[in-house]
Amino acid sequence: MRRVALLAALAALLLPASARAADGVTLSAQPGVVAYDGVVRFQGSAEMLSDVFLVQQRPAGWTVIGQTKAGPDGIFAFEVRARLPGLFQARTIAGSSPEIATRVRPLLRARLEGSFVHGRLLPARAGTVVLRVDGQTRRISVGSAGRFRSRLRRLRSGRHVVRISVRPAPGFVRVGRQFALRIRRPALQIGSHGPGVLGLKRRLAELGYALPSVDSGYGFATYEAVLAFQKVHGLPRTGRVDRRFWQVLSSASSPRPRIGRGDYLEVDKSRQVLFEVRDGKVARVIHVSTGATGNTPVGTWHVYREVFGWDWVLYNPMYFLRGFAIHGYPSVPAWPASHGCVRIPLWLASGLRQRWGYGSVVRVYA
């Protein structure tokens, strides 16, 4: 008989609240806003010794999540671990309490590692993660497990305020974390090593300056990439990074080619750089050295011959007019120094020939 009565009670409980008359059933919740995975304590009153069911509204409808019996004084209590917000009711065979809404404070973890923000939001659907740095705001995508990662872009030297916050979804409350970040831009040169070099190379690579790798070491290839940047922006051609260099780098954008369409190699004799242009945009910037007497021929040419490996003292040359070629060479100074060819660093020569080679358009500008 007890089982039959219980089944009948459950059937009645799962009816909409409007289908049953209330009979003095009350319910309260503490706290009203609970931390993710925290405990909410529900307490209420009903007819003494009656069976009380705690139900929650879920996508599939009202669901029983707890059962107890009211005491001799009619008091009952439930404890529920909360991960999602929701509506709750206490129900008996005789009636139901008013609906109680609980809200959840999501768990937000965040940390700074170098120039990146790492973190996690639980639950992942608690809202939109927003990164705000010095008044500039952008959204951060969050994975299904709640993890996120975002790079801090183009920060100048000095103090910065970094804030991670959550624009809450319905039922959740706003949370945030704030960090104070001080950026010191060190002077760098060949032989330097550390996070300053890593930040430098990441930024140069982002802008398209040729580098064999992005790491924490300042070797000769980094020196050449720094030279190329200095040439493009009219800075002293030292191959060293100083305060002025950092200032220009922080606000720089990728250089633009002379012709904004097509694929070609652009050689700029005045700035001593070569641009690899794809679909009218600069894909790579290379430090070069042209003819010492200014005799590198200006005009539009085509590669008519290419050589794999060494051709006399020229490495992986691409000939575009008579004996004039773009080729690798051991010495590529910051000024015009060749016999008329376009010298590029040895480590770049093979890859450049493979990407371009026979038939490629070469545009040389004074």
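Two strands count as paired if DSSP finds at least two bridges between them, and with that in mind the hairpin of S11 and S12 is a good place to enter this predicted model. Five bridges join S11 to strand S12, which covers residues 136-140, and the two run antiparallel. One of the pairs can be picked out by name, since valine 130 has arginine 139 in S12 as its bridge partner. Two residues lie between S11 and S12 in this hairpin, and aspartate 134, which sits in the turn, has a positive phi of about 50°.

Strand S11, residues 127-133, also pairs with strand S14, residues 158-168, in the antiparallel sense, this time over seven bridges. Here threonine 128 can serve as the example, for its bridge partner in S14 is arginine 167.

Before going further, it is worth asking how far the model can be trusted along the chain. The mean pLDDT of the protein is 91, and 93% of its residues reach 70 or more. Residues 1-22 are another matter, because pLDDT, the predictor's confidence in each residue, stays under 50 over that stretch, for which the model has 32 contacts beyond four places in sequence.

After this stretch we come to an open sheet of three strands, arranged in the order S1-S3-S6 with antiparallel pairing. Strand S1 (26-30) and strand S6 (75-82) stand at its edges, and each has a single partner strand, so one side of each is left without a neighbour in the sheet. From one strand to the next, the twist averages 20°. Strand S3, residues 38-45, is joined to S6 by eight bridges, and the two run antiparallel, with arginine 41 standing opposite glutamate 79 in S6.

The next topic is the packing of nonpolar residues. The largest nonpolar core has 37 residues, and those with the most contacts inside it are Phe42, Leu131, Val162 and Ile164. If we set aside the neighbours within four places in sequence, phenylalanine 42 is in contact with ten listed residues' worth of surroundings that include Leu27, Leu54, Phe76, Phe78, Val80 and Phe88. Apart from this core lies another, of 29 residues, among them Tyr209, Val226, Val248 and Tyr264.

Is histidine 118 buried or exposed? This residue lies in strand S10, which covers residues 116-122. Because buried means under 20% relative accessible area, histidine 118 counts as buried at 16% relative accessibility. Leaving aside its neighbours within four places in sequence, histidine 118 is in contact with Arg109, Ala110, Arg111, Glu113, Phe148 and Arg149.

Further along the chain, a second sheet can be followed. This open sheet of five strands has the order S18-S17-S16-S25-S19, and its pairing is mixed. Its edge strands are S18 (281-287) and S19 (299-302), each of which pairs on one side only, and the twist averages 20° from one strand to the next. Within this sheet, strand S16, residues 264-268, and strand S17, residues 273-278, run antiparallel and are joined by five bridges, and valine 267 stands opposite leucine 274 in S17. Finally, helix H3, which covers residues 220-232, lies across S17 and S18, and runs at about 115° to S18.

How values were computed. Residues numbered from 1 in each chain as written. Predicted model: local features only at pLDDT ≥ 70, side-chain atom pairs only at ≥ 80, totals over all residues. Heavy atoms only, no water. Helix = DSSP H or I, 4+ residues; strand = E, 2+ residues; numbered from the N terminus. Axes fitted to C-alpha atoms, helices over the stretch in contact; angles between N-to-C directions. Contact = heavy atoms within 4.5 Å. Core = buried A, V, L, I, M, F, W, Y, C linked by side-chain atoms within 4.5 Å. Buried < 20%, exposed > 50% of the residue type's maximum accessible area, 1.4 Å probe, protein only. pLDDT = per-residue confidence, 0-100.
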